[in-house]
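Hi everyone, thanks for coming. I'd like to walk you through a structure that is probably new to you, so have a look at it while I talk.

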Amino acid sequence: MTTYLFYFLSFLAIMFALMVVLSKNPIHSVLYLVLTFFAIAGHYVLLNAQFLAAVHIIVYAGAIMVLFLFVIMLLNLNKDTEPHKSLWLKGSAAVASGSLLVILVGSLRGAEQIIASNPYSNSIGLIENLGQTLFKDFLLPFEVASILLLGAMVGAVMLGKKSIK
Amino acid sequence: MSAIQTIPINWYLLLSAVLFSIGILGVLFRRNAIIIFMSIELMLNAVNLLLVAFSTYLSDSKGQVFVFFIMAVAAAEVAVGLAILMSVYRNSKSTDINILSKLKG
């Protein structure tokens, strides 16, 4: 049962990811990317990371993708008039990414021999454990992330202004 | 119902590698800068998936906390990147990535 669910979600994720790259219309690309994120959220649920699945859907499908959609509609790119690369460049792009895939798969062999140092626990992905880890071991990175977000907000506002005096 | 008893971690490694390669393909294949941004998001998500998989298989919640930080960085990156894209579009009326080759000077 779980295995079939894994196959199904993986098939959906890979197919929608390919459609993101290959579809002509940018709006369709965004919508396929949202579907890819839902498939990945399904994988998170399968891996017992329920809280992360919820945050993933809220942040990616809810916030980031809406930002993409907003920019595409603002720039009026919803027609398939974009220039395309030459066939030679497209072929070499496919060859390059295929060779990268082969290298990744080859170099990641043997990773199944890892041994868990902690006993197996069902509640790793629950919000209680994550909060304990986040606010005990990662308190300083957590605060630095807030500064990063503040800086990104100021930078986005400054870049978005019409003219910088 | 849990994936960890029935599914070996190799499959998650393979799935993440495939998703990451599709992201690379998108960056190399397209000229629209927005699609390139989306492919970068796809690569970040491939890495996130692998972090969550290893976190579950090793019973260590630190990997999942890292995913939160990656999400924060991705949100910041998208906000600034799309703002840059807007100003590029305002100057050149196009999101073609080849426009930016004039930065070579």
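I'll take the two chains in turn, then how they touch, then a couple of helices in chain B. One thing up front: this is a predicted model.

Let's start with chain A. It has 6 helices and 0 strands. Going along from the N terminus, that reads α-α-α-α-α-α. The C-alpha atoms take up a box of roughly 55 × 45 × 30 Å along the principal axes. If you expected a compact globule of 165 residues, you would look for a radius of gyration near 15 Å, but chain A comes out at 20 Å. How much of chain A is buried? Of the 165 residues, 23% are buried. And if you take the contacts in chain A with a separation of 6 or more, 55% of them are between residues 24 or more positions apart.

Now chain B. Here we have 4 helices and 0 strands, so to speak α-α-α-α when you read along the sequence. What does the radius of gyration tell us about chain B? The value is 17 Å, well over the 13 Å that the globule rule gives for 105 residues, so chain B is more spread out than a compact globule. Its C-alpha trace spans about 55 × 25 × 25 Å along the principal axes. Buried residues make up 51% of the 105 residues here. For contacts in chain B between residues at least 6 apart in sequence, 46% link residues at least 24 apart.

OK, on to how the chains meet. On the chain B side, 67 residues are in contact with 73 residues of chain A. Which parts of chain B give two or more residues to that side? They are helix 1 (3-6), helix 2 (9-29), helix 3 and helix 4 (62-92). Helix 4 of chain B gives the largest share, 22 residues. Sorted by class, the side of chain B that touches chain A has 46 nonpolar, 15 polar and 6 charged residues.

Let me zoom in on one helix pair across the chains. Helix 3 of chain A (residues 50-74) and helix 3 of chain B (residues 33-57) have axes that come within 12 Å and cross at roughly 175 degrees. That angle makes the two helices roughly antiparallel. From chain A, the contact uses Leu52(A), Ile64(A), Phe68(A), Val71(A) and Ile72(A), and from chain B it uses Ile34(B), Met38(B), Glu41(B) and Val52(B). By class, those residues are 8 nonpolar, no polar and 1 charged.

Stay with helix 3 of chain B for a minute. Is this helix enclosed or open to the outside? Since 21 of its 25 residues are buried, it is largely enclosed by the rest of the structure. The length works out too: at 1.5 Å a residue, 25 residues should span 36 Å, and the end C-alpha atoms are 37 Å apart, which agrees. After helix 3 of chain B comes Ser59(B), with a positive phi near 55 degrees.

Helix 3 of chain B also has a partner in its own chain. Its axis and that of helix 4 of chain B are 9 Å apart, and the two pack at about 175 degrees. So these two helices are roughly antiparallel to each other as well. On the helix 3 side, the residues that meet helix 4 of chain B include Phe37(B), Glu41(B), Leu44(B) and Val52(B), and on the helix 4 side they include Phe66(B), Ile70(B), Val78(B) and Leu85(B). The class count for this contact is 14 nonpolar, 5 polar and 1 charged.

Phe66(B) deserves a quick word. It sits in helix 4 of chain B. Phe66(B) is partly exposed, with 18 other C-beta atoms within 10 Å; a buried residue would need 20 or more. From Phe66(B) to Tyr89(B) you go 23 residues in sequence and 34 Å in space, C-alpha to C-alpha.

Last stop, helix 2 of chain B. This helix is mostly covered, with 16 of its 21 residues buried. For its length, 1.5 Å a residue predicts 30 Å for 21 residues, and the end C-alpha atoms are 30 Å apart, which agrees.

That's my tour, and I'm happy to take questions.

Notes:
Residues are numbered from 1 along each chain as its sequence is written. Chains are lettered from A and ligands numbered from 1 in the order in which they are written. This is a predicted model: local features need pLDDT of at least 70, side-chain atom pairs count only at pLDDT 80 or more; totals for chains, interfaces and linings use all residues. Axes are lines fitted to C-alpha atoms, for helices over the stretch in contact, and angles run from 0 to 180 degrees between N-to-C directions. Angles under 35 degrees count as roughly parallel, over 145 as roughly antiparallel, 65 to 115 as roughly perpendicular and the rest as oblique. Two residues are in contact if their C-beta atoms, placed from the backbone, lie within 7 Å. Ala, Val, Leu, Ile, Met, Phe, Trp, Tyr, Cys and Pro count as nonpolar, Asp, Glu, Lys and Arg as charged, and the others, Gly among them, as polar. The expected span of a helix is 1.5 Å times one less than its number of residues. A residue is buried if 20 or more other C-beta atoms lie within 10 Å of its own, exposed if 12 or fewer, and partly exposed in between; C-beta atoms are placed from the backbone. The radius of gyration is taken over C-alpha atoms; the globule rule is 2.2 Å times the number of residues to the power 0.38.
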